[in-house]
Structure formats: structure tokens, C-alpha cells
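Me: I'm new to reading protein structures, and I'd like to look closely at a single part of this one. Could you walk me through one residue and its surroundings?

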Amino acid sequence: SGSVMSFPLRQHHIADGTALTVVHVSKVPTEFRWQGVIDIENRELKILDAERLARIAGIQKQLGIQPQ
């Protein structure tokens, strides 16, 4: 199980809002899916490994997760 939320944004919306290229915006979630951190399907984002995602984001301390 994992946290599931609506994810209506398209890659070009994220790219426009973050000043990144659509190619970069595409590569990051693809890598996260490959690593089993998230899944995006039918406009829903599912967080499969919240601890790993927190480590990647560098916010493990704020969430009380011990660094590895």
C-alpha cells in the first residue's frame, strides 16, 4: 500500500512551472518508477516508498527518518 493522490498535471505544466525541460521532467518520474519509489497511472500518483522518497528529497530529518 501507499499514499495515493490525484495528479492531474501533465509534464509540460510541470516543466513550465519549474523552468525545466519536458525531457528532464519526464526522466525523473521514470527513474523513480523504475526504482519502485512512485507509480503514476490514470492521473494518480502513488508513493510506494515514502522513506526513500524523503531521503532523495533530503527531508528525512523533518519526517523523523534516520539517514542511511
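Reply: Happy to help; what follows starts with the whole chain and then moves in on phenylalanine 7.

Keep in mind that this is a predicted model. The chain holds 3 helices and 3 strands, and from the N terminus on their order is β-α-α-β-β-α. Of its 68 residues, 16% are buried.

Now find phenylalanine 7: it sits in the loop between strand S1 (3-6) and helix H1 (11-18). Its relative accessibility is 22%, and because buried means under 20%, phenylalanine 7 counts as partly exposed.

Who are its partners? Setting aside neighbours within four places in sequence, phenylalanine 7 is in contact with Ile14, Ile40, Arg43, Glu44 and Leu45. Take arginine 43 as an example: 36 residues separate it from phenylalanine 7 in sequence, yet their C-alpha atoms are 4.9 Å apart in space. Across the chain, residues 24 or more positions apart account for 34% of the contacts with a separation of 6 or more.

Phenylalanine 7 also belongs to the lining of the largest pocket, which has 17 lining residues; Phe7, Ile14, Val25, Pro29 and Ile40 lie nearest the centre. H1, helix H2 (22-34) and strand S2 (38-41) are the elements that each give two or more residues to this lining. H2 provides the largest share, with 6 residues. Sorted by class, the lining has 12 nonpolar, 3 polar and 2 charged residues, and the space in the pocket is about 420 Å³.

So two of the contacts of phenylalanine 7, Ile14 and Ile40, appear again among the residues nearest the pocket's centre.

Key: Residues numbered from 1 in each chain as written. Predicted model: local features only at pLDDT ≥ 70, side-chain atom pairs only at ≥ 80, totals over all residues. Heavy atoms only, no water. Helix = DSSP H or I, 4+ residues; strand = E, 2+ residues; numbered from the N terminus. Buried < 20%, exposed > 50% of the residue type's maximum accessible area, 1.4 Å probe, protein only. Contact = heavy atoms within 4.5 Å. 1 Å grid on protein atoms, 1.4 Å probe; cavity = no way out; pocket = protein on both sides within 12 Å on 5 of 7 lines; lining within 4 Å. Points joined across faces, edges and corners; volume = space filled by probe spheres on them. Nonpolar A, V, L, I, M, F, W, Y, C, P; charged D, E, K, R; others polar.
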